[in-house]
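Biologist: I'm new to this one. Can you walk me through it?
Modeller: Sure, here it is.

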Amino acid sequence: MNEADNIEGGPRAGAAPLLQTVGISKQYPGVLALDRVDFDLRPGEVHILFGENGAGKSTLISILAGVQLPTAGEVRFRGERVVLESVHHARNLGISAVFQEFSLVPQLTVEENLFLGAEFTRHGMLDKRRLRRSAEAIIKRLGFPLAPSAQVEHLTRAEQQMVEIAKAFRADLSVLILDEPTASLTDRETEQLFALIEQVTRDGVGVVYITHRMQEIRRIGDRITVLRDGRYVATLDAKTASEDELVRLMTGRVISELFPSIRQSAGDEVLKIENLSTPNGAVLGASLTVRRGEVVGLAGLVGSGKSEVMRAAFGAEPISAGRVLLKGEDVTGQPVRALLNRGMFYLPADRRDEGLIMMRSCRENISLPSLDRRPFSFGPILERVAEIRETGTLADRVNLQPRRIERIVELFSGGNQQKVMLAKCLTRPVDLFVLDEPTVGVDVGTRAAIYAFIRDLCEAGAAVVIVSSDLPEVLHLPRRVYVFYRGRIQATLEGEQITEENLLRHFFDREAA
Amino acid sequence: MASREIDLPAPKRDLSYWLKATFIRLGVLPFLLVIALIVFTLLSDNFLTVRNLSNVARQSVYLMIVSLGQMFALLTGGFDLSVGTILAITSVVGAMAMAAAFAMWPDAVPLAIALGVLAGIGAGVLIGVCNGVGVAVFGVSPFIMTLGMASVGFGIALYLTGGVPVYGMPREYGEIFGFGNLLGIHLPIWIAAVLAVLTYLFVNRTRQGRYFYAVGGNIKAARLSGINTRLTLFVTYILSALLAAIAGMLLTARLDTGEANVGASMPLESIAACVIAGVSLRGGVGRVENVVLGALFIVLVQNGMNLARIGSYLQMVVLGALLILAVIADQIRLRYIAGARD
């Protein structure tokens, strides 16, 4: 397999673009995800894609990887026009991608997953011995601690990530696409991955790399292409680009414009969580406090427990140990309804999966959490006139566009769907707002509006908790940040201590590295 | 009007535009109704007569009531495949209890009727309780739970009767609840109308009614909005069973016997009536008034085919095909709606 790499890569270094998009667009129902984007990847370079959630990075790489076809424009591979009809087709050209969502079959073993769709056969039967040998060779080359015969569903998330990466490193590699590959790796594993990236780029492989981390950009990046709202913004040299410049290009605004300054005060304690654990181990002995008039951030990687701890406090996940006190009252293990009635509101991260009822109207979605109270109902009977009036007022307050509250939520853009979510938590008196990834997949305008919304809530005396994987958000809004790692609170940062360096340092486990 | 046309190069507002708009708004049912009326009027002179249409109304009562119940199950994203069995067990248990009470106290006819109806409906609702516990508490899929209960209930009904019809109910029961008249309209039609209105009010005007849509539309979102999703699912299957049981007692009155094999076609027909009426199989979407029309439509087609002398075997073919056609139409409609995003 090493032979193949050399043949593919060697002579082409420094030549014309390996992979190129010309005026590529992707239209989804209701959203133009990519708008005439030009992008090129040279052999042997690491090209960083930079942009907000929803800027079009994922759409671009999914087109490059053959997951979907563009609605306009063309893709050129080694200067020739190609129509990447399927992942299979792309892989035959040597284009491999590692996405954030894993494409592993949990019930199969590591080796079976590695060669899924490209199994070795002998006389029409599976050649298991060759499978084992090839799998061992790949894993050895990558230096990952994986057993070829282990069943994927029993692996940790980090190990699954390694399998996913190993799957991409196949013999005839020419383009490697990595979407935040280090999200769940330890430092040592990350180093191994970087060494590997260096190795393949020396062989002339081009790497498309998505990351939000400045350190990684400096460490391995050659060029950075910034996308915003589906459009190409700029391409910069990774070694010289400054962070301020990148953020400005990414958001189209200077930081101070996007993030309002919030007059925070520390009032009465609203929420106190003591040594909370969940039975599945997602949260282990976490303790934190939230006061009136302050914004508190919960940071950490996906699955670090930052979201789960608030869900458990809200009654949406079981609790195995510890206590939850809301305004001094013990509410440990109470159902969601009881927490709502006591003034806590949790807005989930995934609108589509657990936030909204997509095929029902905005009106019905907004009023849903408060149908048990005036003015939305009188006893068991709904007050329909009041419902229309109230939800209309709230739609105005969050600036729903277009303001058609009888329209089904499905038909609105992501930003407006998020506004419907925000309107939901204004239907009743709330002392503690918990917003889980409040700006995922929304445009910059909505993003600024959501931050202003958070400021208003906070300055009106409510407590706001932001659970977020978005670094700028956690850096600029809260006055206190709890950093989660594998279910535990790794660090508590206040005021001046809240810096990117400090945050990232605690995202990973130093000891294990 | 003219100024609007100038502002937007609006799509042509010709016939096909209006047909499409109607289709997106109302679904496939209006089209099917019109086609059915035209076809059967052409096939048979007796079809479009007051006498025949009032016949259709009377015959559709039972399916209509069952479909109202089925709608609850579909709204919450499930099915109730046991509605036929509920009809059967209600009929058998109700008739046996009524006959026994009548034999014991031949003078107390109202008492016998009341006892019989209560026993029958109680037996039917008991099946619903089992469904509700299985689905809401143990998380069994509605498909398996109600399919299993369909077999259990049918088995019990056959066991109780040995497959023989149950006789011996007071004559008055059939005279009143099967053929009775009020203001020139059959009593079963009155009952169905009242149930339809109550269901409409319940679904559209009460909090619990809204919760059916929420739970079927997105059970996780419903849970995070503080809705008791288990209770809602439980109530769903109780209501479905209650309505099927009422239909069962009315059918028993009509037949004057308790029979274990009434209602065998009810699961398919009630699901077809709902789906044709635009109730989504994915849950969360459906309207009571359309379901009433859907049930009417199914019976209308059956009646039309009878008049046109189409045999019962071929009728099964048509009914199954209609169900599938309705689901395909629903998919096409969804695609149109997705295309309407901005």
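**Strands first, then a helix**

Modeller: This is a predicted model. In chain A, strand β1 (residues 19-28) runs antiparallel to strand β4 (residues 72-77), and five bridges join them.

Biologist: Which residue of β4(A) does A:Q20 stand opposite?
Modeller: A:Q20 stands opposite A:R76.

Biologist: And what is the bridge partner of A:R76 in β5(A)?
Modeller: That is A:R81. Strand β5 (residues 80-82) of chain A runs antiparallel to β4(A), with three bridges between them.

Biologist: How many residues lie between the strands in that hairpin of β4(A) and β5(A)?
Modeller: Two. A:R78 takes a positive phi there, near 50 degrees.

Biologist: Switching to chain B. How many residues has helix α7 of chain B?
Modeller: Helix α7 (residues 142-161) has 20 residues. From first C-alpha to last, α7(B) reaches 28 Å, close to the 28 Å expected.

Biologist: Which residues of α7(B) are buried?
Modeller: They are B:P142, B:M145, B:T146, B:M149, B:A150, B:G153, B:F154, B:A157 and B:T161.

Biologist: Why do they line one face of the helix?
Modeller: Seen down the axis of α7(B), the buried residues fall within an arc of 155 degrees, so they line one face. In general, an α-helix has 3.6 residues a turn, so residues three or four places apart point the same way.

Biologist: What do those buried residues pack against?
Modeller: Against α4 (50-75), α5 (83-104) and α6 (109-137) of chain B.

Biologist: Which exposed residues are on the face turned away?
Modeller: B:I144, B:S151 and B:Y159.

Biologist: What follows α7(B)?
Modeller: B:G162, with a positive phi near 65 degrees.

Terms used. Residues numbered from 1 in each chain as written. Chains lettered and ligands numbered in written order. Predicted model: local features only at pLDDT ≥ 70, side-chain atom pairs only at ≥ 80, totals over all residues. Pairing = 2+ DSSP bridges. Helix = DSSP H or I, 4+ residues; strand = E, 2+ residues; numbered from the N terminus. Expected span 1.5 Å × (residues − 1). Buried ≥ 20, exposed ≤ 12 C-beta atoms within 10 Å, placed from the backbone. Arc of directions from axis to C-beta. Contact = placed C-beta atoms within 7 Å.
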